[in-house]
Amino acid sequence: MNAREVAHAALAAAEGEAEAVAHVERSGLARFASSEVHQPTLIDNAVVTLRVVRGSRTGVATTNKVDGDGLAELARRAADAAETAPADETFPGLALPAEPPQVGGADEETAGLGPDDQARLAAAAIDAAGDVPAFGFFTSGVTELAVASSTGILVGQEMTDATALVVAADEERSGYAEQTAWRAGNVDPASVAREAAAKAERTAGSAEIEPGAYGAVLEPYALAELIEYFAHDSFGALGLLEERSYLSGRLGEQIFDEKISIADDSLDPRGLPKSFDFEGTPKQRVALVEDGIARGVVWDRTTAAQAGNGVQSTGHAPPLESRDWGPLPYALSIAAGEAESVDELAGLVGDGIYITRLHYLGVVHPHQGIITGMTRDGTFRIRDGEIAEPLVNLRFTVAVPELLGEVHGLTRGVALVNSQNFYGERYPYGVLAPALASARFRITGVGSKPGI
Amino acid sequence: MRDLCAAAIDAATGAGAEYADARVVLKRTQLVATKNGRVERLGDSESEGIGVRVLVAGAWGFACDRRLSADGARDAALRACAFARAAPGNHSRALTPINPQTGSHRSAFEQDPFEVPLGDKVDLCLRADEALAGPDVVVRQTMVRAQREHKLLLTSEGTEVEQELVECGGGVDCAAARDGVFQLRSYPSAHVGSSCQSGWEYVVGLDLVGEAPRVTEQAAALLQADPCPSAITTVVLDADQVALQVHESVGHPTELDRVYGTEASYAGTSFLKPHDLGSLRYGSELMNITADATTRGGLGSFAFDDEGVPAARTAVVEDGRLTGFLTSRETAARLGSGHGGSMRADGWNRMPLVRMTNLHLEPGEGTLDDLLGDVDDGVYMETNRSWSIDDKRLNFQFGTQVAWEIKGGKLGKMLRDATYTGITPVFWGSLDAVAGRESWRLYGLTNCGKGQPGQSAHVSHGAAPARFRNVQIGVKT
C-alpha cells in the first residue's frame, strides 16, 4: 500500500472524528569507513499515526502493522487514549481541507535506485578520495507522507532525496564535504570526495590560536548548522510563546545586519520541497528575518490557538511525536549575497579564521541565542585576506545575534545542507545557505588536531 | 518468531552468507506528557519487524522488513546479501568466537507499567504539573513513559536467545522567565527525565508531585541569582552531572568502533588508540569506571547483547588507568582482546552498533557534605543544561541548570548560567574525591545518538557526587 492508502485505511478503521498520518519509507544507506562499506542498511517500513478526537479530548496511537487487524487494534488503542484524556479547551480541532501547493521534490530515477546503485555511488566517492581514506555514506530514499482526516482532508506527497557525505581523513588531517538534492542526479559523490580530500590535504600541521573574538568566514555547512540550532528555539512559535526565543519581544526590530534575510520556504525547488505539514495544512513561505529585521516565526494550529491573536497556522506542524518542540522551520533558507567565492569573503575579513563545519553544538542560553560547539574538518587562519595555515579544532561560544550583527558579506551561491540524521522515520529536510563573512566569531578554547 | 528467524538464516546462508543473524523485535511504548496543565501527548506506539545481518565474503549487509512473514524474512535476508555483495572495499572481517548461546530472559519488575491505566498516568502528570505552578513560571512540563521490547535473536552459529525488557520513567521540568532572563530546572534529571529497567514502582518512587515545588522554587530563585563567574577553581558536581560527564568523556571514547574510526563521519572518533589499553593514564587513582550489563534496573542491562554475547561486568578504567574498551565481536577480534558484549540495535530496522551498556563511576567514600567541607572556595553544580564535546571526546563544555558558590566548606549563594570546560584526561586527572555508596545513584537516559542512519540507545550510569580541582568555569575569552 502507498501512504495515501494506508492513511485512508487507518481513518476508515476509526470511529468518529479522527486524523491519520501515514509515513512510508524505502531507503538504502551505504555507510563507509576507511574506504570500505561497513554499515550498509536497507529500510522498508510503513508507519501510521492515528489521532482520535472525542469532543476536545484526543488520543494518539502509532503502528507499523497496516493490515486490517493491525489497523483495528490501532483504532482501539487511539480511542482508549482519547477516552482517557481530560478535556482540552485549547484544542483547535482538526484542520479543514485546503488545496496544497504543487511542488516538486520527487524524482523517478532517484526512487528507482537500489542497493547496487547505492553501493556503486558510495564506491565512486571512495575511489575519488584517492590516497586519503574516506568516511561517510551515500544514501537515497523515497518517502511518502499522507494525511487523511474525518474533516475531509486526503493529501499525499512522494519525496525523494539523496545525500553523499565524505570526511576524508587520516591521522593528521581531515576535510569535509556533502551534497544533498531531491534528484540523485544532482549529487556527485566523486566531486564530494574530491572536495573533502582537497580540504584534508591542507589541514596537516595545524596550529593553535589564542581564544578571543575573530573575524570569520563560515562555509555553508557551518552556517547552516548554527542557524538551525538557533532556529530551534527562536524561529518557532512555541519558543516565542514560552519566551525562549531571541525574537520574543523583538518582532519588528532590527536584530541582525541588514544583509541578513532568512525565510522558511518549503516551496523552493532548490531545497527539499514539501506541500503540506503533519496536520495536512498547506505549506507557506514564512519570512523570519528581512534585511536584518525580525519578521515572524512559523506556526501550527496548536500554537496559533494558544496565541489567540488571530494568527493562523503557516503549515509547520511537526510529527505528533515531536510536538513538544512545537512548529519548527524545516526548510530554512538564508538569502545569498554578492560575493563570488569564499576567497572573496576571506578578503573582506582580512585577518581571522575560516571554518568549514561544526560539531556537537549545544545551546547554552536560548533566549540570548548563545551556542557552543567545535569546529572540525577544515579550520584555517585568514591572513592578509587570504586563507592561510590550518588550525586545530576550536571551541566556540557565540551569540548568534552578535555573529550576524556585523556581516561583511555572503556568497552569491548557496548550498543545500542536509539536516536529517535519519533517526526514526525518514523525512528529508535541509538548509539553503551561502557562505558568510562575519566581524565576530568568539573562540573560547582549543581542541585536538584534525584527523581521526 | 523462531520460524521466521530460521527462514531468514536459511535464506542468507543459502545465498552465500558465511555468517547471518536475524532479530525479530516487537516494541511497544507509551507516553503521557503534560504542559501547563493540559495533556500535550497521550500516545501508544508499537513497531515490529525483522532485521537480518549477513557477512558475505567478509562484507556486512543489513536489511529489514516490517512484515513478520516467511516472505518478509526471506526478502530481508536476500536483500542483505545483495547489499553486502555490492559493498565496495577490501573486506576481511573476523568475529571473535563465542559458544552458541541459548536462553531466555525477562527483566524484573513488580508492577507491569502497561497494566497501569492510562488514566492513572494522566492523573499523576496533571497533579505534578499543578504542583509546579508558581510566580514567574512560564512552562510546566511533566512526562511519564513505559516501554516493552520483546526480541528473539538467531544466528547461523546456533545462538538462539529470547528476551523481554521492560522499562519506564518520568520527570518534571519548570521554566521561569522575567526581564529577559530564562531559567530551567528539572527533576530527577534533565532531558526527558530518568528511566529505569523496572516496573511502575520506579515512577512511583520518583515522587514527581512531592519534588515539583522544590523544582519551581529553584527555577524562580535562579531569576534573581548572579551569573556564575569565570575562574579556575574547585568544582563539585552532583551525581546527575557526573553521570553525563562519564557518558560523554568516558563512555563514547571507549567505544572501540569509534577508536577504529567507523563513526568518523557522524558521532566522531576517540582520542584513545588501541595500544593505549593497559597503559593510558585516564584520570586520578580515584577514577574507577565499570561497564556492567548486569546492573539491576540499568537501561543497558540484558542477558545477551544483539550478537548473542552474554552480559558481563568489566572494568574500563581501574585506578585511573585504561583497562578496557566497549567492543563488538568484530572489534574485539581486531583488537585481540575482549569478547564483544556491547552490541545493541535501536529496534528491528537498524544494524547493531557498539553501544554503552551501563557505565558507572564506582563510588568512593563520604558524603556530599564531606566533599564540600574540604573546599575553601569553589562552585557546586547540579543537573545538566547544555553539553558539547569535540569529535575525539577531548575538549568539552558542559553547563548546569543551577550552581552554588562554596565558601569555607559550605554552600553559599545560588548562581545561574554555570558552565565548565576542560580536556578529558586532564579533567579526570583532577578528580580528588568521589562520594560513597550511599550517595551513588543510577540515572537512565534514552537519547544517546549514534550511527547513520541514526539510532537512539537507552543507557544507564551510576554515579555519586565528585570533586575536581583547578577547573575552568565560565567562558575563557
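**View 1. Strands from chain A and chain B pair up here.** In this predicted model, strand 3 (residues 57-63) of chain A runs parallel to strand 2 (residues 38-56) of chain B, joined by 3 bridges. Strands pair here if DSSP finds at least two bridges between them; strands (E, at least two residues) and helices (H or I, at least four) are DSSP runs, numbered from the N terminus. Look for T62(A): the bridge partner of T62(A) in strand 2 of chain B is S45(B).

**View 2. This one takes in the contact between chain A and chain B.** Here 88 residues of chain A meet 84 residues of chain B, with contact meaning heavy atoms within 4.5 Å. About 7000 Å² is buried between chain A and chain B, 52% of it from carbon and sulfur atoms. That figure is the accessible area (1.4 Å probe) that the two parts lose on being put together, summed over both.

**View 3. Now for the salt bridges and polar contacts between the chains.** There are 11 salt bridges between chain A and chain B (a side-chain nitrogen of Lys or Arg within 4 Å of a carboxyl oxygen of Asp or Glu). One pairs D88(A) with R38(B), whose closest N and O atoms are 2.9 Å apart. Another links R77(A) and D44(B), at 2.7 Å between the closest N and O atoms. R77(A) sits in helix 2 (residues 68-84) of chain A and D44(B) in strand 2 of chain B, so this pair joins two chains.

**View 4. A sheet in chain B comes with a helix lying across it.** This open sheet has 4 strands in the order 13-12-11-16 (chain B), paired antiparallel. Strand 13 (321-322) and strand 16 (359-361) of chain B are at the edges with a single partner strand each, so one side of each has no neighbour in the sheet. Strand 11 (residues 289-292) and strand 12 (residues 313-318) of chain B share 4 bridges, and T290(B) has A315(B) as its bridge partner. Helix 6 (residues 239-251) of chain B lies across strand 11, strand 12 and strand 16, at about 120° to strand 16 (axes are lines fitted to C-alpha atoms, for helices over the stretch in contact, and angles run from 0 to 180 degrees between N-to-C directions).

**Notes.** Residues are numbered from 1 along each chain as its sequence is written, and chains are lettered from A and ligands numbered from 1 in the order in which they are written. Local features need pLDDT of at least 70, side-chain atom pairs count only at pLDDT 80 or more, totals for chains, interfaces and linings use all residues, and side-chain values use heavy atoms, leaving out hydrogens and water.
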